[in-house]
Amino acid sequence: MVTGLSARTLGFVCCNLFLLCVAWNAVAGDLSSDVRKGASGPDEGNGGYIEAGAGLTSYTSAIAGVPEGNEKGEVHTEIFLDVNARYQYHGWFMELFSQSLEQFTIGYNFYNGYNAYNNDGNWALDWVALGQHDEMSAEEADDYRGLDTRRGDYMSGLRATAYYGNYIVQMHALTDISRTHYGELASLKLARYWQHRNWNFHGIVGATYRSQDITDYYFSIHADEASAKYPEYEAPPGWSYVMEVGATYPLSEKWVFRGYVRRTGMESTFTASPLILDDHGDTIATAISYVF
Amino acid sequence: MELCAIRPRLLASIRRHICNALLVLLCAQVLPVSAQGDATITANNTANNTADKPANLQLKPGRCVALHQGQVCYQRVQLQWRAQVGNYCLYQKGARHPLHCWQNVDAGNYVYAFASDTSVQLQLIDTQTQAIVAQAELEVAWVYKANTRRKTQWRLF
């Protein structure tokens, strides 16, 4: 998503910005961030980095109310704040990457596997906690007026990341820890990067499975909230997918250009939900950021 | 998450809190970066030069920037040199074969297609005396430095 930062985590992020400024060596973790850098292994050292910049995006959204008043196929264009940051200390880390597929993440890196032949770090196991679904309420968008509030969640679990040459594979297995929907989520993503001169091109494909606890909570319309606009509907568990290609270029030692095109989609069964307008959404975005 | 595409309300919230400070920060950084883009390296003078006409070797740009430490950096570098009239060859330090040679001239230009994952020294050598007339470094830099690695696998706090 163009912004992986939720409002409820903003305060926490700001309070820790000074920590992110104390060390400058790059570190690895988030798949979207690593593949754009051309990272070849997990990070285990203390330190971090922070980047900030601005970007422009055009997108279509499959979700009613995202953004407010959204209609099927409607193209939205916005300027966005591009913030990328990571800090790690004795295994504990927090990471935020505006163009990531994930939101602001905190976690603990407790295992790093090594290639037996060259002793090079090539995979990592982390415990992570992050928000996965945002609040859907009349306060957030008028589209949800008359519907029960769907609270934003916070999920936690295992993240496994493997690095093999120019490939990165990342898996999440998460459960709700916010007592929002009590659901489970599992995702698998494969990323690859190619260097052409000083350009770094990347591609990502991935799939995410959501249990019915999640899909029911966010996309079902229960009898007590049903209306002509939102008829009763029961969402099944199901899959969503993501495909992305992009490019990153170092304008200088401190300035980085990034751009990507992304399609996010879901099983056609979901489109029966009155809250889902289409079976996919597309995003194109470019950003320039400064690496502190 | 993939299902929830872009959330403009969050963008607005972020902008409200951070945008002013960020703009100031970005503006403050523009000038140093522009200067870096025009940077050149002036050669060290060594032997065979007179005080009134010192030899020099200039590289534009003098730095090649790749994304991540360890990646090969690619850069077209404009070299300009000036010395006393003579026969000269341009070498990458440690290389057997010259990049280019000039006969009976006091100045020269060369476009060098640089590709390396380490910084290199370029040397202008007088072919008669084999003396290094001038040299300059083409520096390789990265936006993202390599990670520090530990050798332990499991850890608990």
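## Two chains in a predicted complex

Among the elements of chain B, strand β1 (residues 41-42) has the lowest mean pLDDT, 38, and β7(B) has the highest, 96. Here pLDDT is the predictor's confidence in each residue, from 0 to 100. Over residues 1-51 of chain B the pLDDT is below 50, and this stretch has 107 contacts in the model beyond near neighbours in sequence. Two residues are in contact if their C-beta atoms, placed from the backbone, lie within 7 Å. Where pLDDT is low, the predicted coordinates should not be read in detail.

This is a predicted model, in which local features need pLDDT of at least 70, side-chain atom pairs count only at pLDDT 80 or more, and totals for chains, interfaces and linings use all residues. Residues are numbered from 1 along each chain as its sequence is written, while chains are lettered from A and ligands numbered from 1 in the order in which they are written.

### The chains

The predictor gives the complex an ipTM of 0.74 and a pTM of 0.78. Chain A holds 4 helices and 12 strands. Chain B holds 1 helix and 8 strands. Along the sequence, chain B reads α-β-β-β-β-β-β-β-β. Helices (H or I, at least four residues) and strands (E, at least two) are DSSP runs, numbered from the N terminus.

In chain A, 50% of the 292 residues are buried. In chain B, buried residues make up 29% of 157. A residue is buried if 20 or more other C-beta atoms lie within 10 Å of its own, exposed if 12 or fewer, and partly exposed in between, with C-beta atoms placed from the backbone.

Now take contacts with a separation of 6 or more. Residues 24 or more positions apart account for 60% of them in chain A and 61% in chain B.

Chain A averages a pLDDT of 86, and 86% of its residues score at least 70. Its residues 1-28 stay under 50, with 78 contacts beyond four places in sequence. The mean for chain B is 73, and 59% of its residues reach 70 or more.

### Strands β7 and β8 of chain B

How many of the 7 residues of β7(B) are buried? The count is 5, so this strand (residues 120-126) is largely enclosed by the rest of the structure. Strand β8(B), residues 132-144, is mostly covered too, with 10 of its 13 residues buried.

Both strands have partners. Two strands pair if DSSP finds at least two bridges between them.

| Strands | Sense | Bridges | Opposite residues |
|---|---|---|---|
| β5(B) and β7(B) | antiparallel | 5 bridges | L90(B) and L124(B) |
| β7(B) and β8(B) | antiparallel | 6 bridges | L122(B) and A136(B) |
| β4(B) and β8(B) | parallel | 5 bridges | R63(B) and E139(B) |

Q123(B) also stands opposite Q135(B) in β8(B). The hairpin of β7(B) and β8(B) has 5 residues between the strands. There, Q130(B) takes a positive phi near 65°. In a regular strand the side chains alternate between the two faces of the sheet.

### The nonpolar cores

A nonpolar core is a set of buried Ala, Val, Leu, Ile, Met, Phe, Trp, Tyr and Cys residues joined through C-beta atoms within 7 Å. Which residues touch the most other members of the largest core? They are L124(B) and V133(B), in a core of 67 residues. β8(B) gives the most to this core, with 9 residues. Leaving aside neighbours within four places in sequence, the contacts of L124(B) include L57(B), W81(B), Y88(B), L90(B) and V133(B). A second, separate core has 9 residues, among them L101(A), Y163(A), Y193(A) and I204(A).

### Helix α4 and R262 of chain A

Helix α4(A) spans residues 212-219. Its buried residues are I214(A), T215(A), Y217(A), Y218(A) and F219(A). Seen down the helix axis, they fall within an arc of 165°, so they line one face of α4(A). The arc is that of the directions from the helix axis to the C-beta atoms. These buried residues pack against β8 (184-196), β9 (199-210) and β10 (238-250) of chain A.

R262(A) lies in strand β11 (residues 255-266) of chain A. Is R262(A) buried or exposed? R262(A) is buried, with 24 other C-beta atoms within 10 Å. Not counting residues up to four places away in sequence, R262(A) touches V242(A), E244(A) and T283(A). The C-alpha atoms of R262(A) and L81(A) are separated by 18 Å, and the two residues are 181 apart along the chain.
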